[in-house]
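This report walks through one protein chain for a reader at the bench. It begins with open and enclosed spaces, then turns to strand pairing and to unusual backbone geometry.

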Amino acid sequence: MEQEVLSDSLEAMSLDGRSDMHTFRLHMVTWNVATAEPPDDVISLLKLHSPKTPDLYVIGLQEVRAAPLKFVTDLAFDDSWSHLFMNTLAPLGYVKVSSIRMQGLLLLFFCRLEHVPFIRNIQVSYTRTGMFGYWGNKGGVSMRLSFYGHMLCFLNCHLAAHMNYASQRVDEFEYILDNQTFNSKDTPNILDHKVVFWFGDLNFRIADHGMHFLRTCITSQRFNLLWSKDQLTMMKQQAASLQEFEEGPLDFQPTYKFDLHSDNYDSSGKKRKPAWTDRILWRVNARASPATEDERDGSEAGSSEKAQQQASVAGEEGEEHSLKVKQDIYTSNMEYGVSDHKPVIGTFHLELKKMYNTPLVQVSAEGDWSADFDAMVTYTILQPFPSSAWDWIGLYKVGFKSTMDYITYTWVKDDQVSLNDERVQVYVSKDEIPVLGGECMLCYFSSNLQCIVGISEPFKVHESRVAIEEGLVPENVNGLDQAVSS
């Protein structure tokens with residue numbers, strides 16, 4: 001069998017040697033940023049100097065500043081944290097595929113460009129638990145999606161604070177699970193998904209121990225002496241909803257509460273006890289059925305090995321539907337001091353069989369492009385999916401930051417000029433094409449699936465000769481940034 005050629009970020013490997021299994025790297029971050037503005041860079045947080053580049057980044061923040069005027073502005077233009085992550089990751093070939101924000105809770109999903117057409121059926125949800133469910137300072141935001149046909153769900157939570165509310169935190173978690181639903185026949189609830197990642201400022205504290213004992217254990221790095229009194233560990237023994245979630249060992253300093261711009265724990269008059277409030281857990285659903293064809297394309301009508309921190313879903317479904325999760329790193333990052341919490345990082349390997357290798361749509365630019373002539377886009381439907389009159393094809397700069405970071409777009413149905421059984425042509429007005437040109441690509445966006453389902457090869461948009469001759473732009477100046485700003 002001919003071996004598939006893969007990029008550096010996508011390993012063709014299997015723990016048992018099966019050539020049809022592929023391993024993807026997932027980098028997760030949770031951080032309560034305490035309404036602070038972002039630091040100068042997040043290079044260390046994202047481990048950008050690591051030789052092993054992730055395929056996926058999932059970032060969950062809590063307490064992003066949500067003053068009324070700023071919150072409205074952020075909704076319209078993205079918040080400063082999102083901008084920092086996009087500006088950092090886009091030059092490295094990552095695209096922000098989706099995000100959801102509920103007041104201070106923010107969840108961001110990035111992936112390498114080559115995976116974008118294979119992330120489908122994206123849906124998001126949120127649940128408020130603050131002020132008896134009327135206020136979103138506490139609660140959960142979630143994102144579910146199909147990744148090469150495997151249903152994943154990411155749940156970012158900020159639960160009730162204070163030592164005495166451990167049971168209330170569990171109640172809030174269960175309330176979130178009960179109240180968040182998706183428009184899906186096979187995975188209507190969070191726990192129906194093949195893999196669920198639960199993370200955030202879960203606010204569980206370390207019970208019983210006095211401050212002196214806590215600090216002695218932390219200073220000597222004997223963290224294991226504190227594990228038995230960690231409230232989340234204790235509640236897992238009582239609450240069935242928690243028992244199927246796995247977590248790596250807490251072999252890092254408690255991440256709360258620090259003096260700002262310091263590695264010193266709270267020196268204020270309150271002197272709050274250190275705690276592992278910030279956590280990343282996961283659950284693999286051994287009972288999950290494989291995604292149906294409808295689920296994978298989004299056209300629906302409407303046990304773990306703890307010692308190795310690895311779980312698989314195979315069972316009665318057969319190996320072709322298996323998915324294994326293995327955690328590689330679980331740690332905090334002490335370098336950042338803008339918040340009274342330190343960020344927590346978890347890196348994982350997802351081993352799975354791709355349920356599809358072909359994008360839903362093939363899209364390409366016809367002929368030469370410049371602002372001197374109307375242009376033509378050709379696309380071909382490679383697999384059936386629920387197309388819509390609201391589908392559109394966007395013109396993007398190579399290295400674009402997010403799905404919405406297009407230069408212009410054309411409606412697939414409204415601007416259609418020719419159609420046969422295989423190829424469809426769509427018109428793009430010359431007035432929409434950047435005068436200065438640049439390296440571009442086309443992306444077909446499905447309104448029903450809320451994702452990009454086809455990406456063209458990069459192509460060159462030429463500078464407008466008419467504009468140069470009329471002195472509107474300098475000759476041989478090229479760059480989309482100038483075009484967009486003009």
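A pocket, as the word is used here, is an open set of grid points with protein on both sides within 12 Å along at least five of seven lines, whereas a cavity is a set of points where a 1.4 Å probe fits but cannot get out. The model is predicted, and in it the second largest pocket holds about 520 Å³ of space. Its lining consists of 23 residues, and those that lie nearest the centre of this pocket are Ala160, Ala161, His162, Asn203 and Arg205. Sorted by class, the lining of the second largest pocket has 7 nonpolar, 8 polar and 8 charged residues, and β6 (119-130) and α3 (166-179) each contribute at least two residues to it.

The chain as a whole comprises 10 helices and 23 strands. Of its 486 residues, 55% are buried, and the accessible surface of the chain amounts to about 21200 Å², with 50% of that area belonging to carbon and sulfur atoms.

The largest cavity has a volume of about 40 Å³, and its lining is made up of Trp369, Val377, Ile393, Gly394, Leu395, Thr408, Tyr409, Thr410, Val428 and Leu442. By class these residues divide into 7 nonpolar and 3 polar, with no charged residue in the lining of the largest cavity. Both β17 (392-397) and β18 (408-411) supply at least two residues of that lining.

Strand β21 (residues 438-446), in which 8 of the 9 residues are buried, pairs with several other strands, as the table sets out.

| Partner of β21 | Sense and bridges | Residues standing opposite |
|---|---|---|
| β17 | antiparallel, 6 bridges | Glycine 394 and cysteine 443 |
| β22 (residues 451-455) | antiparallel, 4 bridges | Cysteine 443 and isoleucine 455 |
| β23 (residues 459-462) | antiparallel, 3 bridges | Glutamate 439 and lysine 460 |

Cysteine 443 thus stands opposite glycine 394 and also opposite isoleucine 455 in β22. Glycine 394 in turn is one of the residues that line the largest cavity. Strands β21 and β22 form a hairpin with 4 residues between them, and in the turn glutamine 450 has a positive phi of about 55°.

Most residues other than glycine have a negative phi, and most peptide bonds are trans. Against that background, aspartate 208 has a positive phi near 75°; this residue lies in the loop between β9 (195-201) and α4 (211-219). Aspartate 208 has a relative accessible area of 59%, and therefore counts as exposed, the cut-off for that class being over 50%.

The loop between α7 (240-243) and β10 (278-284) contains lysine 257, and the peptide bond that leads from tyrosine 256 to lysine 257 is cis, with omega near 5°. Histidine 261 is also placed in the loop between α7 and β10 and, although not a glycine, has a positive phi of about 55°. Its relative accessible area is 65%, so histidine 261 is exposed.

Is leucine 323 buried or exposed? Because its relative accessibility is 0%, leucine 323 counts as buried, given that the class takes in values under 20%. Leucine 323 belongs to strand β12 (residues 323-332), and its C-alpha atom is separated by 7.4 Å from that of lysine 353, a residue 30 residues apart from leucine 323 along the chain.

Technical notes. Residues are numbered from 1 along each chain as its sequence is written. This is a predicted model: local features need pLDDT of at least 70, side-chain atom pairs count only at pLDDT 80 or more; totals for chains, interfaces and linings use all residues. Side-chain values use heavy atoms; hydrogens and water are left out. Buried means under 20% relative accessible area, exposed over 50%, partly exposed in between (1.4 Å probe, protein chains only). Accessible areas come from the Shrake-Rupley method with a 1.4 Å probe; for residues, only the protein chains shown count as cover. On a 1 Å grid over the protein atoms alone, a cavity is a set of points where a 1.4 Å probe fits but cannot get out, and a pocket is an open set with protein on both sides within 12 Å along at least five of seven lines; lining residues have an atom within 4 Å of a point. Grid points are joined across faces, edges and corners, and a volume is the space filled by probe spheres set on the points. Ala, Val, Leu, Ile, Met, Phe, Trp, Tyr, Cys and Pro count as nonpolar, Asp, Glu, Lys and Arg as charged, and the others, Gly among them, as polar. Two strands pair if DSSP finds at least two bridges between them.
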